[in-house]
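Got the structure open and don't know where to look? Here's a short briefing to walk you through it, one topic at a time.

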Amino acid sequence: MNPIKRVAAIHDISGVGKCSLTVVLPIISTAGVECSVMPTAVLSTHTGGFEGFTFRDLTEDMMPIAEHWKKENIQFDAFYSGFLGSLGQIDIVKDIFEMFREPETLIMVDPVMADHGELYSLFTMDHVKGMAKLCGHADVIVPNRTEAAFMLGREYKDGPMTEADIDDLLTALAGLGAKQVVLTGTHFGDDDLGAACYDAETGRIDYIMDKRIEGMYHGTGDVFGSFLFGALLRGRSLPEATRIAVDYTCAAIRLTAADGTGPRMGVRFESILADYGKLFG
Ligand code: PXL
């Protein structure tokens, strides 16, 4: 049996609403990858669609946690960072990558900060600049179209895209420094939605779309990123892992739409976890 891989997931814990560590941990574990966690903050709920959420900032604990891991000689095959509550946390995460990076370490950064043309309530344009820099320290980045436009200093455009639009964005994003880019929220028409991936080393671009499901659901970025990273760490190629992430995220959204639970409670990924796990034997 191959040794199990270990990833350190650096995200907040939002108690209710199914995003960040409450979805990253179960999904990565189901892929058969050990998921260690560094919580960056503890919130009562995520910040989209709930009023008066609590926010316990854990910035001061992050470096002591990393130093303890280092002292105990704990090694990681991979890092996956997502929502970071402040500019200070972005710098600390960069330092943590440098502390632990070995030639084979795979680092994925999801520059979680915006969607549908708007920054999340906690962030400013300084956060955008910081995240763009952090993307330069990653091997794989997973921005949505809003985050992509903001990090590139471009105007955000929604609506259908051509292959040329997508290729232009993907190659510009690779210019931030990561070799592999997965752009989410891409679509060619009104009835499709998915992701496109680019490997700057081979120049290969894949467009991976599914049928659009009406409505907007919270936490889909973290569910998508977790399905993607689990598959990458289990040896799937970038296009294969992107296909898996699109298929499973859409399946979770379809179940949620059928449940009628609304957008803010996250998506029903639990019901498809067992099938996802079977992909990896
Ligand atoms: O899904 C990304 C995310 C993670 N963590 C918190 C959030 C969000 C998105 O809004 O608010 C706290």
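Let's begin with Thr59: this residue counts as buried because its relative accessibility is 17%, and the cut-off for buried is under 20%. Keep in mind that you're looking at a predicted model. After Thr59 we'll visit the ligand, a helix and a handful of single residues.

**Thr59 and its surroundings**

- You'll find Thr59 in helix α2, which covers residues 59-71.
- Which residues does Thr59 touch, once those up to four places away in sequence are set aside? They are Thr40, Ser86, Gln89 and Ile92.
- With Gln89 there's also a polar contact, side chain to side chain, at 3.1 Å.
- Asp57 joins in too: its side chain and that of Thr59 are linked by a polar contact of 2.5 Å.
- Now look along the chain to Trp69, ten residues away from Thr59: the C-alpha atoms of these two are 16 Å apart.

**The ligand and its pocket**

- Where is the ligand? Look into the largest pocket, since that's the place where the ligand sits.
- Quite a crowd surrounds the ligand: Asp12, Ser14, Cys19, Leu43, His46, Thr47, Phe83, Val112, Tyr120, His218 and Asp222.
- Take Thr47 from that list: an N or O atom in its side chain is 2.6 Å from an oxygen atom of the ligand.
- For Asp222, a polar side-chain atom lies 2.8 Å from a ligand oxygen.
- His218 has a side-chain N or O atom as well, and this one is 3.1 Å from an oxygen atom of the ligand.
- How much of the ligand's accessible area does the protein cover? On its own the ligand has 310 Å², and the protein covers 97% of that.

**Helix α4 and what packs against it**

- Helix α4 takes in residues 125-135, and its buried residues are His127, Val128, Gly130, Met131, Ala132, Leu134 and Cys135.
- What do those buried residues pack against? Among the partners are two helices, α3 (87-100) and α5 (145-151).
- Strands take part as well, namely β4 (78-81), β5 (106-109), β7 (118-119) and β8 (140-141).

**Two more buried helix residues**

- Ile28 has its place in helix α1.
- Is Ile28 buried or exposed? Ile28 counts as buried because its relative accessibility is 0%.
- Leaving out neighbours within four places in sequence, Ile28 is in contact with Val7, Val33, Cys35, Tyr80, Ser226, Phe229 and Gly230.
- Ala178 sits 150 residues from Ile28 along the chain, and 22 Å separates their C-alpha atoms.
- Leu169 belongs to helix α6, made of residues 163-174.
- Leu169 is buried too, with a relative accessible area of 12%.
- Not counting residues up to four places away in sequence, Leu169 touches Ala148, Leu152, Arg154, Met161 and Leu183.
- One of those, Leu152, is 17 residues from Leu169 along the chain, with 8.7 Å between the C-alpha atoms.

**Out in the loops**

- Thr202 is in the loop that links β10 (192-199) to β11 (204-211).
- Why does Thr202 count as exposed? Its relative accessibility is 59%, and the cut-off for exposed is over 50%.
- The side chain of Thr202 reaches the backbone nitrogen of Arg204, at 3.2 Å.
- Lys179 is 23 residues from Thr202 along the chain, and the C-alpha atoms of the pair are 9.6 Å apart.

**Backbone angles to look out for**

- As a bit of background, most residues other than glycine have a negative phi.
- Ser20 isn't a glycine, yet its phi is positive, at about 45°.
- You can spot Ser20 in the loop between β1 (6-16) and α1 (21-30).
- Ser20 is buried as well, as its relative accessible area is 1%.
- His116 is another non-glycine residue with a positive phi, about 50° in this case.
- Where is His116 found? Check the loop between β6 (114-115) and β7.

Technical notes:
Residues numbered from 1 in each chain as written. Predicted model: local features only at pLDDT ≥ 70, side-chain atom pairs only at ≥ 80, totals over all residues. Heavy atoms only, no water. Buried < 20%, exposed > 50% of the residue type's maximum accessible area, 1.4 Å probe, protein only. Helix = DSSP H or I, 4+ residues; strand = E, 2+ residues; numbered from the N terminus. Contact = heavy atoms within 4.5 Å. Near = heavy atom within 4 Å. Polar contact = N/O pair within 3.5 Å; in protein donor to acceptor, adjacent residues only side chain to side chain. Areas by Shrake-Rupley, 256 points an atom, 1.4 Å probe, with all protein chains shown as cover. 1 Å grid on protein atoms, 1.4 Å probe; cavity = no way out; pocket = protein on both sides within 12 Å on 5 of 7 lines; lining within 4 Å. Sits in = over half its atoms within 2 Å of the grid points.
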